[in-house]
Amino acid sequence: SGLVIALFGFKPLYNMRVPETRILADVTPDEAAKMTKRHRYEIVKKFRILPLSGNDANLVHGAEQAHIVLTRDHDLINQHKKKGDFAELLGEGPKEIPAFLKDPDRRWCGIGLDPIVIAVNPVSWKKRLENDPEPVKSLETLLSPNLTGSFVLPDPEKSRAGKLFLCGLVQHMGMEEGVAFMRDLKKQASGLYADSLDLKQTFSSPSMLAAVGQLHSFLDAGAEKQKLLLSAPDGAAWDVMMAGSLRERPAPVQHEAVLEYATPHPGHER
């Protein structure tokens, strides 16, 4: 038994005899499989991630009853909250989460923010502009003549990130000014993109200095490996990843185990 523990660790051995925690998340089936494989034994209770798509209530009340829903879809959360599908959170809820990211009725809580960020290629920035690169803290910086044709934007008509970006501008500046600012940014940008960015290809040209998009997409695309500078500028919008505990879940404690894993800093980083 000592050899087994040495090879596979204690948690996998422990997980052989505990129930599975099932998590519904708005990811693709391929992403769900990869995430399950990567994180399966990182919390005390083993778990499996199931893809959540659309507003199909069968995904909540199906044969494989899940314990928790993780989603950025506010409409989906509100729909199932009105139907009474979510149970009240146990205890005080995660103390690490600020009050503005918790449902007043305690039916869900936010476990993470996914902001619009600006990624800067420090190597190209220094070569072209001949000054040390710094994180872009103001969206107005993108309107500098020195950056004409040197950055890309998400398309508000074809991408979630683009819609979020435009909504943030409108909320921060007002309707007319926000739309006008977006129009000016389009004129300055090298182009608009609809899908996730291939960062290596995007920054392969020395003339490309920056890109606007959501944090998770840049991290998934390898921004850290490319040593890009990421910053969330003033006035940028953000998505909230919400967690809701299903009322008919098999075991409430398993939902709490997921929150206890995800909300503290080490788990949040993962």
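## Strand β1, an enclosed strand

A residue counts as buried when its relative accessible area is under 20%. With that cut-off in hand, we can look at strand β1 in this predicted model. Strand β1 covers residues 21-25, and five of its five residues are buried, so the strand is largely enclosed by the rest of the structure.

In a regular strand, side chains alternate between the two faces of the sheet. For β1, the cover is found on both faces. T21, I23 and A25 are buried on one side, while R22 and L24 are buried on the other.

## The neighbours of β1

Which strands pair with β1? One is strand β2, made of residues 47-51, which runs parallel to β1 and is joined to it over five bridges. Within this pairing, I23 has I49 of β2 as its bridge partner.

Strand β3 (residues 68-71) also pairs with β1 in the parallel sense, here over three bridges. If you would like a place to look in this pairing, find A25, which stands opposite L70 in β3.

## Strand β4 and its three pairings

Let us move on to strand β4, which spans residues 108-120. How many of its 13 residues are buried? The count is 12, so β4 is mostly covered.

Strand β4 pairs in the antiparallel sense with strand β9 (residues 238-245), over seven bridges. In this pairing, D114 is found opposite D239 of β9. Strand β7 (residues 210-214) is another antiparallel partner of β4, with five bridges between them; here I118 of β4 has V212 as its bridge partner. Strand β8, residues 229-231, pairs with β4 as well, in the antiparallel sense and over three bridges. The bridge partner of A119 in β8 is L230.

## A nonpolar patch at the surface

Now for the surface. Which residues make the nonpolar patch of about 330 Å²? F100, L113 and W238 form it together.

W238 is a handy link back to the strands, as it lies in β9, which pairs with β4. Why is W238 classed as partly exposed? Its relative accessible area is 39%, and the partly exposed class lies between the buried limit of under 20% and the exposed limit of over 50%. Patch residues need over 30% relative accessible area, so the 39% of W238 is above that cut-off too.

Key. Residues numbered from 1 in each chain as written. Predicted model: local features only at pLDDT ≥ 70, side-chain atom pairs only at ≥ 80, totals over all residues. Heavy atoms only, no water. Buried < 20%, exposed > 50% of the residue type's maximum accessible area, 1.4 Å probe, protein only. Helix = DSSP H or I, 4+ residues; strand = E, 2+ residues; numbered from the N terminus. Pairing = 2+ DSSP bridges. Patch = residues over 30% accessible without salt bridge, like charges linked within 9 Å, V, L, I, M, F, W, Y side chains within 5 Å. Areas by Shrake-Rupley, 256 points an atom, 1.4 Å probe, with all protein chains shown as cover. Salt bridge = Lys/Arg side-chain N within 4 Å of Asp/Glu carboxyl O.
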